[in-house]
Amino acid sequence: MAETDKDDLISIIEEDESNLEIPDTLPLMPVRDIVIFTDMLLPLFIVREKSVRAAEEAVAKDGFLFLSTQKQPGIENPGTDEIYSVGTVGRVLRMLKLPDGRVKALVQGIVKARIKRFTGRRNFYRVKIETIVEEPVKEISLEIKALMRNVREHSEKILALRGELTGDVGSILDDIDDPGKLADLVASNLKLKIIESQRLLEIVDPVDRLKMVNDLLTREVDLSAMQAKIQSSVNDEISKNQRDYFLREQVRAIHRELGESDETSQEIEEYQKKIKRAKMCREAENEATIQLKRLEQMHPDSAESSITRNYLDWLVAMPWSKETKDVHDIVAAKKILDKDHYGLVQVKDRILEYLSVRKLNPRKKGPILCFVGPPGVGKTSLGKSIAQALKRKFIRISLGGIRDEAEIRGHRRTYIGALPGSILQGLRQCGSRNPVFMMDEIDKLGVDFRGDPASALLEALDPELNFEFSDHYLNLPFDLSKVMFISTANLTDTIPSALLDRMEVIALSGYTEDEKKAIALRHLIPRQIKENGLKRVNITISPGAVDQIIREYTSEAGLRNLEREIGTICRKIARKLAEGEKGPFSATKNSLHKYLGLPKYYPEMDQENSQVGLSTGLAWTQAGGEVMYVEASLIGGKGELIITGQLGDVMQESARAALSYSRANINLFGLKETVFENLDIHIHVPAGAIPKDGPSAGIAITTALVSSLTGRPVHNDVAMTGEITLRGRVLPIGGLKEKALGALRSGIKRIIIPEKNKKDLAEIPANLKRKIKFIPVKSMDEVLSIALDNSVAKGKPRRTKTTK
């Protein structure tokens, strides 16, 4: 077709529809996101190259084009099986080529048709079609009339809810008398899904099609009514908020004219005063001013104003510049520490050193201390004494079981109920930025999907970083460099290495019997007398009774059970007084069983006699040092090694190393080399329900094994600790002081230790070294010569002469 003007506007002269002759072969143009019905007039923007060629082919001939919807709108070049077979024959009335290469066409639907087959696919799809002829409704029954009226009314109602109803639309609907045309007209203007529109198009019977349109209209009326209701509610709320805002502004203007101030203005002024008094850093003051301006513009009852108000409350309540003044009287501080705690010389010296440095350099940052020791040795109470000696405020939090990082760093303000972390909460509670901050149970932090609290503590416990500690809630830097952090732990094994590196570890070992006795007489007995409502004249606990309680009723590194037993005595005496008996009452060594019952522990050793195959090792646990018995037995077999007692991998390897050492040195023990061929070796550590592991049981296992092989008993008053190598060297161990205290509680007189642990003897109290003899050794030969008795037990293998 020739161009008619310079804008490439192509027009096709309309003809009477009844005179149209539609070819049976037409170019196909797939359309997306729309289903075209008969008598539907709409503009199309044609972008795809094949579709442009199909439209140009139609215009070049008679203007007819087959329009069919593709099944998946996102496919750029649909295949023959991705296009619906039923579509509409359309006629291109006008076509305009746009400068960007697209084509705009005005198309009118003429008649429904079905694809019989595809005849061309090179430049565009060409299809052979057959038209779908609808039989006209011969008689408009009463039911059809009612259905048509219902469709018209529903259509007008939807248009009214949308605000699109005009008189012309109503006239057009009333003028249509054919049910099929009415159904097509309404369906083409409904916002239906593609699959629903296609199903309507494929219905041939006009009445059935009209019934489906009626059902869809009923659903659409309900949706439109609900949408209109929601929109009306939103508009009413917006109008109400605007009205309330204007009314509040008028009230404020009236108050200003009268020289009065309203509640909101008073609140804003109060916040301004608090911000000035808080003496925040510059970043915090700027943020507080910004949030205050936002609060001034908000509705006082809105949810966001409540969040902003809480945030401002936290900002003005934080001790940005408030701190207590340190006391630099070193002598007075030493008296306070000595009064509250007996012993603990190393810890007291460290605190006094810090005070001395602060006296000379007031800008010195606070230390990060970590007290490590068994339960009941006074780690937490020592923190309180330090705060009292420094005249600082004291805060304590427990970290045991914490798994959420937000417990340390706080929650973001976007969450409902968000709060700062426990560090800033503690500082607000005490109202000072330089307190003594104790974190108990730092070795029991957890880790899960919510984060790693130990990693969150890295910034807080690093003196080089904590002057700008950032909490997620405040989102502002807060200076923690003046806080004296003290953490407590039972063991350092579970503390991450990065966190442990930032702390100064101070070990608090268990107490000796003399130390426990002194603490009980000075502190525990007076405290329990007061807590149980007694007076000193009512009760007397003799020093001998205290010794007996320590030895026969408790077996611990700390003092908790000792205080419980003393409390039991006080309660029983309090009952006697309450029942009318007259005192005073005394608890002596001879009368102690009346209050505490039979002894729970015995100071004598568990093994009264030296035995073959039974050695005494030493273990270091969370509760302090303990003795650990190792048994070895020879049974008939094929040379296998049996290990029981829930031993860990390290102790199992120690047992294998002990067996290898024994086999390698079989001649030195005076035994035949074939002794292992017909014997199984069973190594057992009693208390099988308790898991055990550690690198210090090697020489105890070897001693028990050699004792069984040679028949020589192991001295019952000798305990030993140390690891063994295959060549018999004894390796150093840790926790010597704790193990020595555990041995003393069990009545051990001699302890064999590695030679390289002689340096640790300097930390052992003098009274402990007087009661226990420490024997350093370098090799397993020395251990055996000390631990084994030269006599051979009856019924055991004897030494045989060997020839060189």
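**Entry 1. Terms and model**

I take buried to mean under 20% relative accessible area. By that cut-off D760, at 19%, counts as buried. The model I am reading is a predicted one.

**Entry 2. Salt bridges**

I searched the whole structure for salt bridges and found 33. I then looked up individual pairs.

I began with D760, whose partner in a salt bridge is K759, with 3.3 Å between the closest N and O atoms. K759 is exposed, at 61% relative accessible area, whereas D760 is buried. I also noted a network in which salt bridges with shared partners join K112, E134, D184 and R209.

E755 and K758 form another salt bridge, and their closest N and O atoms are 3.7 Å apart. I recorded E755 as partly exposed, at 28% relative accessible area. K758 is likewise partly exposed, with 43%.

I next examined K181 and D39, whose side chains meet in a salt bridge of 2.8 Å, N to O. This pair links distant parts of the chain, for the two residues are 142 residues apart. K181 belongs to helix α4 (residues 179–189), and D39 to the loop between β2 (25–31) and β3 (41–46). K181 is partly exposed, with a relative accessible area of 43%; D39 is partly exposed too, with 34%. As general background, I note that side chains of opposite charge can pair when their charged atoms come close.

**Entry 3. Nonpolar cores**

Which residues touch the most other members of the largest nonpolar core? I found I442 and L457, in a core of 50 residues. Helix α9 (residues 303–317) gives the most to this core, namely 5 residues.

I listed the contacts of L457, leaving out residues up to four places away in sequence. They are L399, I408, I423, M439, I442, L445 and L499. A second core, separate from this one, has 48 residues, including L344, I486, Y511 and I525. In soluble globular proteins, nonpolar side chains tend to be buried together.

**Entry 4. S487**

I located S487 in strand β13 (residues 484–489). Is S487 buried or exposed? I read a relative accessible area of 2%, so S487 is buried.

Apart from its neighbours within four places in sequence, S487 is in contact with L369, C370, F371, M439, I442 and M503. I442 is thus listed as a contact of S487 and also as a contact of L457; M439 likewise appears among the contacts of S487 and of L457. C370, one of the contacts of S487, is buried, with a relative accessible area of 0%.

**Entry 5. Cysteines**

I searched the whole structure for disulfides, and the result was 0. I took C281 as a case to follow up. Why does C281 form no bond with C430? The sulfur of C430 is the closest cysteine sulfur to that of C281, but it is 18 Å away, which is too far for a bond. A pair of cysteine sulfur atoms must lie within 2.5 Å to count as a disulfide. I recorded C281 as partly exposed, at 26% relative accessibility.

**Entry 6. Helices α1 and α25**

I checked the length of helix α1 (residues 49–60), which has 12 residues. The expected span is 1.5 Å times one less than the number of residues. For α1 that should give 16 Å, and the end C-alpha atoms are 16 Å apart, so the two agree.

The buried residues of α1 are S51, V52, A54, A55, A58 and V59. They cover an arc of only 160° around the axis and therefore lie on the same side of α1.

I then turned to helix α25 (residues 780–787), where M780, V783, L784 and A787 are the buried residues. Viewed down the axis of α25, these fall within an arc of 95°, so they line one face of the helix. An α-helix has 3.6 residues a turn, so residues three or four places apart point the same way.

**Entry 7. Positive phi**

Most residues other than glycine have a negative phi. I noted K391, which is not a glycine but has a positive phi of about 60°. K391 sits in the loop between α12 (379–390) and β9 (394–398). K391 is partly exposed, with a relative accessible area of 48%.

I also noted N475, again not a glycine, with a positive phi of about 55°. I placed N475 in the loop between β11 (469–470) and β12 (477–478).

How values were computed: Residues are numbered from 1 along each chain as its sequence is written. This is a predicted model: local features need pLDDT of at least 70, side-chain atom pairs count only at pLDDT 80 or more; totals for chains, interfaces and linings use all residues. Side-chain values use heavy atoms; hydrogens and water are left out. A nonpolar core is a set of buried Ala, Val, Leu, Ile, Met, Phe, Trp, Tyr and Cys residues joined through side-chain atoms within 4.5 Å. Buried means under 20% relative accessible area, exposed over 50%, partly exposed in between (1.4 Å probe, protein chains only). Helices (H or I, at least four residues) and strands (E, at least two) are DSSP runs, numbered from the N terminus. Contact means heavy atoms within 4.5 Å. The arc is that of the directions from the helix axis to the C-beta atoms. A salt bridge is a side-chain nitrogen of Lys or Arg within 4 Å of a carboxyl oxygen of Asp or Glu.
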